[in-house]
Each structure stands twice: as C-alpha cells, then as structure tokens.
Amino acid sequence: MGSSNEIAVWDPLIRGFHWATVLLCLLNLFILEEGERNHRYVGYALAGLLLLRILWGLVGADYARFAQWFPTPARITRYLQATLQGKHPYYLGHNPLGALMVLLLLGCLVGTAVTGIMTGYEQLFGDDLIEELHEIFAKALQIAIFIHVLAVIVLDRLTRGDLIRAMITGRKRVPTETEITDKR
C-alpha cells in the first residue's frame, strides 16, 4: 500500500466480540454435537457476548455505536447511487450495506441463541417447534456468514480497505488521497 495513514477504528471490545463469535460459531455450527452439554455452554457464552455487544452498541466507542452506522434508507440510497456511478464511498466503519449485514448477523445470532435456550422448555411450545426454529436461525446464520466473508474479501479488493487487518489490529491503513465518508 502506498502512502497511508493509520486510523483507529475498532476498539478491543469489538474485536474481541468479533473473533470470539467467530470461534464459538465455528464450534457450534461445525464441530460440537447439537444438544450436547458443550454445545449448550458455547451457546450460553454466545448469548452473553451478544448482550455485551448490544450494550456496547448503545454506549460504547464511536464506531461501535449502532447510531453511528445504522443503515437508514437515505444512507443506503446515497451509498448505492455513488457506488453505481463508480464513486465507491470509503467508510472507516461500516458502509450502509455492511451495516445491514451486521444487523442480519446479529439478528441471526440472537434468534439462534434465544431458540437454543428455549429448547430446554419445548414442552411449553409443542413438539419440536423451537428446535426447528433454532435450526432455521442456525442455517440462516451460516448463509449470512458466508455472504459476509465474501463481501469483506470483495470490498477489501475494491477499496483496498484493509478490513481483515483492521479487525485484528483495530486500525485501518487509509491511503492519504482517500476521502473518508464517516470520519469522526
């Protein structure tokens, strides 16, 4: 990367949440046996992380706050119009489509966690209804994760945004000539 500035974007709590969620999702989606004790414990840990992330989205660091990146219709429209005109806006935090993905991922995680916890109370809801909902949320989460990973790779190539490195270090290397849309 040519001449660039490093700008702090993702605080330690956001990065820790992200990578812990990656690890715990890998465990529960692909390694641990559904319904077993360790699967449940990982699910409880994910539920706790989600509560912390939601709280941090309300009171945390600037780029962690939902209000900073919430994908309003106006933000999405401006972003899509500029992108279609070949003027891809550069965001330090989440661009409006990335923000939609974050909401989808969080929604799938919450749905999976809540229905997972509720499977212990299936007798209140009927035969296998909660377990089926849990599986639907888990499958939707897998699809959303796949799309998220592909989008990060494509966006990194398109904008040279340094997204993966930034989620590890917390800092983005931004080329000096780049106009930042959401700089604080």
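Biologist: Is V22 buried or exposed, and what is its relative accessible area?

Modeller: In this predicted model, V22 is partly exposed, with a relative accessible area of 31%. The residue lies in helix α1.

Biologist: Which nonpolar patch on the surface includes V22?

Modeller: V22 belongs to a patch formed together with W19, L26, F30, I31, V149, I153, I164 and I168. The accessible area of these residues together is about 840 Å².

Biologist: Which elements give two or more residues to that patch?

Modeller: They are α1 (12-31), α6 and α7 (163-169). The largest share comes from α1, which provides five residues.

Biologist: Turning to charge, which residues form the negative surface patch?

Modeller: That patch is made up of E33, E34, E36, D128, E131, E132 and E135.

Biologist: Where does E132 lie, and what is its relative accessible area?

Modeller: E132 is part of helix α6, which covers residues 129-159. Its relative accessible area is 47%, so E132 counts as partly exposed.

Biologist: A change of topic: how many disulfides does the structure hold?

Modeller: The structure holds zero disulfides.

Biologist: Why does C25 form no bond with C108?

Modeller: The two sulfurs are too far apart for a bond, because the sulfur of C25 is 10 Å from that of C108, its closest cysteine sulfur. A disulfide would require the sulfur atoms to be within 2.5 Å. C108 is likewise in no disulfide, and its nearest cysteine sulfur is that of C25.

Biologist: Are C25 and C108 buried or exposed?

Modeller: C25 is buried, with a relative accessible area of 7%. C108 is also buried, with a value of 5%.

Note on methods:
Residues are numbered from 1 along each chain as its sequence is written. This is a predicted model: local features need pLDDT of at least 70, side-chain atom pairs count only at pLDDT 80 or more; totals for chains, interfaces and linings use all residues. Side-chain values use heavy atoms; hydrogens and water are left out. Patches are made of residues with over 30% relative accessible area and no salt bridge: like charges are joined within 9 Å, nonpolar side chains (Val, Leu, Ile, Met, Phe, Trp, Tyr) within 5 Å. Accessible areas come from the Shrake-Rupley method with a 1.4 Å probe; for residues, only the protein chains shown count as cover. A salt bridge is a side-chain nitrogen of Lys or Arg within 4 Å of a carboxyl oxygen of Asp or Glu. Lys and Arg count as positive and Asp and Glu as negative; His and the chain ends are not counted. The place of a charge is taken as NZ of Lys, CZ of Arg, CG of Asp or CD of Glu. Helices (H or I, at least four residues) and strands (E, at least two) are DSSP runs, numbered from the N terminus. Buried means under 20% relative accessible area, exposed over 50%, partly exposed in between (1.4 Å probe, protein chains only).
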